[in-house]
Amino acid sequence: MDLLEVLHLDELSHGLANVSMFPYFDMAHYIVSIMALREQPGVLRLSRVSPLACWFSSMLFCFGGAVLSAIMLAEPVVAPLSNSTSVLLASITWYLVFYCPVDLVYRCAALLPLRLVLTGMKEVTRTWKVLGGVIQAHNKYNDSLLVMIAVGWAKGAGGGLISNFEQLVRGVWKPETNELLKMSYPTKITLIGAVLFALQQTHYLPVKKHHLMLIYTVFTVVNKARMMLTGSSVSPFAAIESTIHKTLFSGHSSYAALTDEVEKTCMDKGAVNRTPSAKKSNEKGAGKHTPVSPVKGQSGSLKAKDESENAQTKHSKKKN
Amino acid sequence: MDLLEVLHLDELSHGLANVSMFPYFDMAHYIVSIMALREQPGVLRLSRVSPLACWFSSMLFCFGGAVLSAIMLAEPVVAPLSNSTSVLLASITWYLVFYCPVDLVYRCAALLPLRLVLTGMKEVTRTWKVLGGVIQAHNKYNDSLLVMIAVGWAKGAGGGLISNFEQLVRGVWKPETNELLKMSYPTKITLIGAVLFALQQTHYLPVKKHHLMLIYTVFTVVNKARMMLTGSSVSPFAAIESTIHKTLFSGHSSYAALTDEVEKTCMDKGAVNRTPSAKKSNEKGAGKHTPVSPVKGQSGSLKAKDESENAQTKHSKKKN
Amino acid sequence: MDLLEVLHLDELSHGLANVSMFPYFDMAHYIVSIMALREQPGVLRLSRVSPLACWFSSMLFCFGGAVLSAIMLAEPVVAPLSNSTSVLLASITWYLVFYCPVDLVYRCAALLPLRLVLTGMKEVTRTWKVLGGVIQAHNKYNDSLLVMIAVGWAKGAGGGLISNFEQLVRGVWKPETNELLKMSYPTKITLIGAVLFALQQTHYLPVKKHHLMLIYTVFTVVNKARMMLTGSSVSPFAAIESTIHKTLFSGHSSYAALTDEVEKTCMDKGAVNRTPSAKKSNEKGAGKHTPVSPVKGQSGSLKAKDESENAQTKHSKKKN
């Protein structure tokens, strides 16, 4: 990494590596996470009817990664609760985002410039969380690259990976969607981070840790800011993914026809994966006009999760 | 607590604190829990078709708290199984409640006076379980009030908190209901107990442990007996809850209209939360007469859980 | 076990007990497991759309037992991942079964003679896995027969027992079916094995370990081969089960009528347990002809799991 040294970025990366996440960056993470929860369909109503379920859901959004990595490493699931200061901070954030008079906190934080800064700070915490997970796994399983990647990924993208069960807390159950079936951008970027940090930790990647932290952090922050400002949800890896997919997983020739068909249906997969009843209602609904049908509402909400992480982007855009 | 000493209750509370739960109180807990399971819709049929699933469900009703707190503290989930005597006792109870000739055991235990005594004894075990959970957490996390409350709550009300997964064992899946969304009375009283015992354990509550045990036990037993005898399911905390809810969680003014609406819909929330298909069938069903529709049957069973803990009360009342 | 010694089987059993599962038997287990996954409805499409979910599902088919027993004993869930060689082997198998050019690997392995050999080898690994689980539990809980049975069973039949959650990875959710409600043949035989090995380990069964391993292995292999060759899915324990069921669980006389009804409805229980929407669509579908309805597709897939373990048998038969 002579290039970095030439550019006098060595000191910067050292400085970054020594930045403490607590309290400002952690707080930004809580605010952005809980705002993302609040923008899920039905959550505002839930917050009035059942504050406890809403609080628990918020905590899973904030500490999902810690919970998931604790389960994976057989450490106490309640451990995140034992850090009283963090839980208190997250709880205050939760209260202010949902119940603040005149909705002041949410309205301010939703303003594009502030949201941009908060989201950027949240992206910075991702680096720390992924690295924390990788090191935690490294301490237990010295030489196992896979475990390090899995735990780093879980710690960085836990909220998304356990979203099925987080939704269950809120009384929502969408088995046809999960982050493994269709990865969202944050899950992907976290996976890439986990791979990079695991490779660095096992010295397969000849890079210093603080240099990698700087590069990864800058990349995630810049990319997220770009996505927020342009309102684009195009992943920067779309081309690579598509190539890998076509090369490795298009499969044997006898299934070429099937594969083509699959790729076509891939576009309207949302429709295919819907629950039978929702699907049926749509079929019927096509014939006649449907009033405020609860079924429609639900089938609409099926798409919500995919957009949840981008929701903030779009939401801010609308405000412009 | 000079008052207690004046009333010569000091010795009584010492005596109570030294009572062993095994075997009589534990047995009462098993009987009442398994009877509550048996009164869930569809369980009697399940017990004929699949005794193993029925047995496993019963064990989750009996040892759910131990299982949940084990998961939370990263202790072996099978640990409750290692106490052979308890499992044997619970299994015998399960067999007798479900398969006893002439249904003798269930019929006797369902008689109001006996059921009253058994339920009272089960309430006593709650104190021990909550306290056990709080102490268990205290040993691991010295100063964390939240962890102590969480584990105490889990140990005391585990069966209810994991009810979604207990139902899954029986092939029933009701994602729209859980104890966090809408707490039942036993879950509430256990949460209050966990808070009190955790405060006592950390010396924030200037009360001696055996005094608190006496007060809490008497309160739960008396209150449960009152609810059984009057057939009322009104929580003694309804007024306090309503006040807290209105003060803290009614939220910002701009959502006042929404909140009002929510409070109204709160009443028929069961209907709102139903699965789309069930909902739709009802809408249709309103127009024409519906025969013995399986959908109707299911939508009916959605309400069942809410009533399950009170079922025993009502059931006994009917016998009067 | 003088009989075995007379038959000069002592050396054979010693030889068998010292056979290493890695790599040939493990590989056969991976191939047969992943082929069973591939034969589930919808999986081929999944493998094109979302290779990651497909890979994760395959790993759960291959290492489900290790994962489940790790959860039960509060050991790290990621532990199976730390054995890089096994994961690599399973991943290569997964890739070849799903994406091999000209579908060569699957087509070859699906030929009856080869499949027979592979399935036989997979059955051999069952003995090792059950015994491994029993010994693992024995080391933690010396004298608890129940824990040993539970862990042995979980390790041997884990893939089946966690099938609800394995399906969830693929976006499929069938709460009305699980291995406890309706045990498949492999789950049953594994339970029996776990009981036998646990009894042997605690010296209640006066048999030497290697003798029991030989007997159990021969029984499972021969029985599986018989089922594959005859295409029969009749369990060899059907008669015993039926007797036990009638003797112990037919229950009190007042429910005799119910029980009879239950036994009748047992046959078409699949229909009863279907999701309301599927059921309804069928009712309607009976009246008019249904085109390629997605609802029909799903209701069909509800039966699929029951047949999944026998699928290989039937599949091979069709090839004849």
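Student: Is K188(A) buried or exposed, and what is its relative accessible area?

Tutor: In this predicted model, K188(A) lies in helix α12 (residues 185-201) of chain A. The cut-off for a buried residue is under 20% relative accessible area. K188(A) falls within that class, so it counts as buried, with a relative accessible area of 18%.

Student: With which residue does K188(A) form a salt bridge?

Tutor: The closest N and O atoms of the pair are 3.2 Å apart. The partner lies in helix α14 (residues 238-249) of chain A, so the bridge ties together parts that are 53 residues apart in sequence. At 34% relative accessibility, this partner counts as partly exposed. The salt bridge of K188(A) is formed with E241(A).

Student: How many residues apart in sequence are the parts that R115(A) and E39(A) tie together?

Tutor: R115(A) and E39(A) form a salt bridge, with 3.0 Å between the closest N and O atoms. R115(A) belongs to helix α9 (residues 112-140) of chain A, whereas E39(A) sits in the loop between α3 and α4 (43-49) of chain A, so the parts tied together are apart in sequence by 76 residues.

Student: Which residue of the pair R115(A) and E39(A) is buried, and which is partly exposed?

Tutor: The relative accessible area of R115(A) is 1%, which places it in the buried class. For E39(A) the relative accessibility is 22%. The buried residue is therefore R115(A), and the partly exposed one is E39(A).

Student: Which residue of chain B forms a salt bridge with D103(B)?

Tutor: Side chains of opposite charge can pair when their charged atoms come close. Here the closest N and O atoms are 2.9 Å apart. D103(B) lies in the loop between α7 (84-99) and α8 (104-109) of chain B and its partner in helix α3 (residues 24-38) of chain B, so the pair ties together parts that are 65 residues apart in sequence. Both residues are buried, and the partner is R38(B).

Student: Which residue offers its backbone oxygen at 3.2 Å from a polar atom of the side chain of N164(A)?

Tutor: N164(A) is located in helix α11 (residues 163-169) of chain A and counts as buried at 4% relative accessibility. Leaving aside neighbours within four places in sequence, its contacts include V172(A), W173(A), P175(A) and, in another chain letter, L168(C). The backbone oxygen at 3.2 Å belongs to K174(A).

Student: What is the approximate area of the nonpolar surface patch that includes L88(A)?

Tutor: L88(A) lies in helix α7 (residues 84-99) of chain A. With 54% relative accessibility, L88(A) counts as exposed. Together with I92(A) and L96(A), L88(A) makes a nonpolar surface patch of about 260 Å².

Student: What share of the 320 residues in chain A is buried?

Tutor: Chain A contains 18 helices and 0 strands. About 14000 Å² of chain A is exposed, and carbon and sulfur atoms supply 67% of this area. Buried residues make up a share of 52%.

Student: Where in chain A is confidence lowest, and where is it highest?

Tutor: The average pLDDT of chain A is 81, and 76% of the residues score at least 70. Over residues 253-320 of chain A the pLDDT is below 50, although this stretch has 98 contacts in the model beyond near neighbours in sequence. Confidence is lowest in helix α18 (residues 294-319), with a mean of 37, and highest, at 96, in helix α3 (residues 24-38).

Definitions and conventions
Residues numbered from 1 in each chain as written. Chains lettered and ligands numbered in written order. Predicted model: local features only at pLDDT ≥ 70, side-chain atom pairs only at ≥ 80, totals over all residues. Heavy atoms only, no water. Patch = residues over 30% accessible without salt bridge, like charges linked within 9 Å, V, L, I, M, F, W, Y side chains within 5 Å. Areas by Shrake-Rupley, 256 points an atom, 1.4 Å probe, with all protein chains shown as cover. Salt bridge = Lys/Arg side-chain N within 4 Å of Asp/Glu carboxyl O. Helix = DSSP H or I, 4+ residues; strand = E, 2+ residues; numbered from the N terminus. Buried < 20%, exposed > 50% of the residue type's maximum accessible area, 1.4 Å probe, protein only. Polar contact = N/O pair within 3.5 Å; in protein donor to acceptor, adjacent residues only side chain to side chain. Contact = heavy atoms within 4.5 Å. pLDDT = per-residue confidence, 0-100.
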